[in-house]
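Grab a pencil and try these exercises on the structure below. Each task comes with a worked solution, so have a go before you read on.

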Amino acid sequence: MPPIPPLFKLPIEPKGNITCTQPSQRVYLLTFDSAPDNRLTPEFCATLVLALDILDRRFEKGIVVTTSAIPKFYSNGLDFESAFKSKSFFPDSLYPLWRRLLTYPMPTIALINGHAFAAGIMTAMMHDYRFMNPHRGFLCLNELEFGASLKAPMSSIFRQKLPNPGTYRTMVLEAKRFNALEALEEGIVDGLGMVPEVLKFAQEMALVDKAKSGVYGQLKAEMWRETVAYLEDHVRSEEIIQERMQEEERLQERKEKKVAEWEKTKDHNGAKL
């Protein structure tokens, strides 16, 4: 099969790119290639948003599929230096991308060709559907392993989309790595395969015509209202985290005081710990 000529190609600074091809009529495949593992840098996020805007404004309505040109990785999550050196990363880079995907006016499918860890799997969850390579890759929320908390929209998207709350508990509190079959069984992904299987799924579901009425994005915005609100009101999202942390500090102080009082009582009674 000859290579499919691209509809357009956008650079990701410093050395990456996103290429848009059309493997089938009105099926737009966005393939990102940002070595070594498609980290969600500000440049990556902005370029993917631009690609989505181009398809929305200049092409006939259809389906958008995202995948990676790097066989080992769909996305390995955030670039921590980019994410935390600037307070603007979440409200100005990551959250606009996630909101655009979550409320996009066409069906979206994440074709997870390799590993999707942390914010990588979160980005996939912002799509309407997910397909996973049955032969390569794991899905994992590994924040537990590197000591990071979950921000409000990072958590709410799983609460809203996963069919079984126990699955999310396992993802967060055990940092379990799900292979493709496990991810399918738990409802994290909707199917297994690569581009041919995604095209078959899209045809069976008649997805290319779903956006014709013009309300597809509006329906999704209402469906996922909780996450959309967190993404839009990032200030309140951060306030919730800070309030929770402050309350936890107050609780810890009260607990320490009670334990210290108990220790004094035990010492007074001649007991030792």
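**Exercise 1.** Find out which helix gives the most to the lining of the second largest cavity.

*Solution.* Keep in mind that you're working with a predicted model.
Step 1: list the lining, which is made up of Pro23, Val27, Leu29, Val65, Leu111, Val195, Val198 and Leu199.
Step 2: look for elements that supply at least two of these residues, and you get strand 3 (27-33) and helix 9 (195-204).
Step 3: pick the top contributor, which is helix 9 with three residues.

**Exercise 2.** Sort the lining residues of the second largest cavity by class, then do the job again for the largest cavity.

*Solution.*
Step 1: searching the whole structure turns up two cavities of 30 Å³ or more.
Step 2: the second largest holds about 30 Å³ of space, and its lining has eight nonpolar residues, with no polar and no charged ones.
Step 3: the largest holds about 40 Å³. Around it you'll find Phe32, Leu40, Phe44, Leu48, Tyr74, Ser75 and Thr123.
Step 4: sorting that list gives five nonpolar, two polar and no charged residues.
Step 5: for the elements behind this lining, helix 1 (42-58) and strand 5 (73-75) each supply at least two residues.

**Exercise 3.** Work out which strands stand at the edges of the sheet.

*Solution.*
Step 1: recall that strands of a sheet pair through backbone hydrogen bonds, either parallel or antiparallel.
Step 2: write down the order, 1-2-3-4-6-8-10, for the seven strands of this open sheet with mixed pairing.
Step 3: read off the ends. Strand 1 (8-12) and strand 10 (191-192) each have a single partner strand, so one side of each has no neighbour in the sheet.
Step 4: zoom in on one pair. Strand 4 (residues 63-68) and strand 6 (residues 108-112) run parallel and are joined by three bridges. Here Val64 sits opposite Thr108 of strand 6.

**Exercise 4.** Decide whether helix 6 is roughly parallel or antiparallel to helix 11.

*Solution.*
Step 1: get the angle. The axes of helix 6 (residues 152-161) and helix 11 (residues 225-232) cross at roughly 170° and come within 9 Å.
Step 2: apply the cut-off. Angles over 145 degrees count as roughly antiparallel, so helix 6 is roughly antiparallel to helix 11.
Step 3: see who touches whom. Helix 6 uses Ala152, Pro153, Ser156, Ile157, Arg159 and Gln160, while helix 11 uses Arg225, Glu226, Thr227, Tyr230 and Leu231.
Step 4: sort these contact residues, and you end up with five nonpolar, three polar and three charged.

Terms used
Residues numbered from 1 in each chain as written. Predicted model: local features only at pLDDT ≥ 70, side-chain atom pairs only at ≥ 80, totals over all residues. Heavy atoms only, no water. Axes fitted to C-alpha atoms, helices over the stretch in contact; angles between N-to-C directions. Helix = DSSP H or I, 4+ residues; strand = E, 2+ residues; numbered from the N terminus. Parallel < 35°, antiparallel > 145°, perpendicular 65-115°, else oblique. Contact = heavy atoms within 4.5 Å. Nonpolar A, V, L, I, M, F, W, Y, C, P; charged D, E, K, R; others polar. Pairing = 2+ DSSP bridges. 1 Å grid on protein atoms, 1.4 Å probe; cavity = no way out; pocket = protein on both sides within 12 Å on 5 of 7 lines; lining within 4 Å. Points joined across faces, edges and corners; volume = space filled by probe spheres on them.
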